[in-house]
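Let's take a walk through this structure together, stopping at a few places that reward a careful look. Please keep the sequence and the model open beside you as you read.

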Amino acid sequence: MHNRAVAVIGSGLMGGGIAHVMALGGIETLLYDLDRARVDAAIELIGKNLGRQVKKGAIAADQRNDALGKIRAVDSLGDLSAARLVIEAVPENAKIKEAVYASLLPHLAGDAIIASNTSSISITTLSGAVQAPERFVGIHFFNPVPMMPLVELIAGDRTDQATLAFCENLLTSIGKTVVRSRDMPGFIVNRLLIPLLNEAAILLEQQVTDIASIDTAMRLGANHPMGPLELSDFIGLDTVLSAAEVLHAGLGGDKYRPSPLLKRMVEAGWLGRKSGTGFYVYGPDERAHNPLLAEMVQVA
Ligand code: NAD
């Protein structure tokens, strides 16, 4: 069934990870990016990450070599005509995504399915930009793709059952666990997770307690592997904020209103681990509470 190629458009953080899991699952994978250097960098990184999996004993050395042999860099959308499924992972901007579909459509096979890895744009809206909306679907992977077992499969209003079944089979065949969702803001995971992370910032804002207590409470009281503030720092506060804004814009109501403290932190450039400062400050070996946060809490 999966003897035809999967194409991945966009070789950034997510596209590289998606190509990794497709190839490791034995699927011929075509990788394209506007910037060819990013395809080469992605393939190099996939090689390193597969090597790490070999070292950990998660896969055999042969599997690493086989997977690398399944990935082919392509320089033009015209090279994607063999693909049965095209997964788009370009930046989170509807205009960019729709322009990609427009350039792609003349080159695709008649039965090709187009999937978007969007986290927040409506699948039904995006499907308006393609000729066959019944073969347009959301396939939402989680970062880092090779480590995270879950994929959300999102049906737009016009996606047909054959498309959903094809994608679910393919994703299951490469070892992912699929959950299906209707096309609503945040799908399942972000709809549940983001309000928790946002509320943790609001607890801090209202000076109900301190950073360590919030994280300890959820680790030891709810058995979460990470507390909500450390998890926010890990995900990136800008990403958490924009997801909260999507829920608020799409679902309305005070329930989803982004925390003012979170907004101020992002404005200050405190983005969590990736900027070195968030709810915690990160040194080379250890982390401490952000000492400047108390002042911001007073203002927020
Ligand atoms: P990224 O910035 O790391 O990668 C995007 C890639 O797309 C870049 O390599 C860029 O050169 C390329 N690109 C830009 N315009 C293009 C075009 N017209 N044609 C082909 N390639 C083009 O972004 P990312 O984090 O990998 O996110 C990609 C998508 O995945 C977004 O829709 C995002 O919302 C979604 N997503 C991201 C995450 C995450 O944690 N980062 C998680 C789930 C879903």
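The backbone oxygen of Y32 is a good place to begin: in this predicted model, that oxygen lies 3.3 Å from a polar atom of the side chain of S11. S11 itself sits in the loop that runs between β1 (5-9) and α1 (13-24). Is S11 buried or exposed? With a relative accessible area of 4%, S11 is buried, because anything under 20% counts as buried. Setting aside neighbours within four places in sequence, the residues in contact with S11 are G16, L31, Y32, D33, R38, V39 and A42.

One of those contacts, D33, leads us to the ligand. A polar side-chain atom of D33 lies 2.6 Å from an oxygen atom of the ligand. The backbone takes part here as well: a polar backbone atom of M14 is 2.8 Å from a ligand oxygen, and for a polar backbone atom of L13 the distance to an oxygen of the ligand is 3.0 Å. In total, 22 residues surround the ligand, and the closest are M14, D33, E92, K97 and N117.

Now turn to the second largest pocket, which holds about 400 Å³ of space. Its lining is made up of 20 residues, and those closest to the centre are G17, L45, N49, P144 and P146. Two elements, α1 and α2 (36-55), give two or more residues each to this lining. Which of the elements supplies the largest share? That is α2, with eight residues. Sorted by class, the lining of this pocket has nine nonpolar, eight polar and three charged residues.

P144, one of the residues closest to the pocket centre, deserves a second look for its backbone. The peptide bond from N143 to P144 is cis, with omega near -5°. You will find P144 in the loop between β6 (136-141) and β7 (150-155).

Next, follow the chain to strand β4 (residues 83-88), where R84 lies. A polar atom of the R84 side chain is 2.7 Å from the backbone oxygen of D111. Beyond four places in sequence, R84 is in contact with R4, A5, D111, A112, I113 and F166.

Two further residues catch the eye for their backbone angles. F187, in the loop between β8 (177-182) and α7, has a phi near 50°, a positive value in a residue other than glycine. Q207, in the loop between α7 and α8, also has a positive phi for a residue other than glycine, near 55°. How accessible are they? F187 counts as buried at 6% relative accessibility, whereas Q207 is partly exposed, with a relative accessible area of 49%.

From α7 (189-205) we can step to an enclosed space. The structure holds one cavity of 30 Å³ or more, and the volume of the largest cavity is about 30 Å³. Its lining consists of I194, P195, N198, A244, L247, K255 and Y256. Both α7 and α10 (237-251) give two or more residues to this lining, with α7 giving the most, three residues. By class, the lining has five nonpolar, one polar and one charged residues.

Helix α9 (residues 228-235) comes next. Why can we call α9 largely enclosed by the rest of the structure? Six of its eight residues are buried: P228, L229, E230, L231, S232 and D233. The cover over these buried residues includes α7, α8 (211-221), α10, β9 and β10 (287-289). After α9 comes G236, whose phi is positive, near 110°.

G236 also points to our last stop, since K274 is in contact with G236, D238 and T239, leaving aside neighbours within four places in sequence. K274 is found in the loop between α11 (260-267) and β9 (280-282), and with a relative accessible area of 53% K274 is exposed. The side chains of K274 and D238 are joined by a polar contact of 2.9 Å. K274 and L237 are 37 residues apart in sequence, and their C-alpha atoms are 9.4 Å apart in space.

Terms used
Residues numbered from 1 in each chain as written. Predicted model: local features only at pLDDT ≥ 70, side-chain atom pairs only at ≥ 80, totals over all residues. Heavy atoms only, no water. Helix = DSSP H or I, 4+ residues; strand = E, 2+ residues; numbered from the N terminus. Buried < 20%, exposed > 50% of the residue type's maximum accessible area, 1.4 Å probe, protein only. Polar contact = N/O pair within 3.5 Å; in protein donor to acceptor, adjacent residues only side chain to side chain. Contact = heavy atoms within 4.5 Å. 1 Å grid on protein atoms, 1.4 Å probe; cavity = no way out; pocket = protein on both sides within 12 Å on 5 of 7 lines; lining within 4 Å. Points joined across faces, edges and corners; volume = space filled by probe spheres on them. Nonpolar A, V, L, I, M, F, W, Y, C, P; charged D, E, K, R; others polar. Near = heavy atom within 4 Å.
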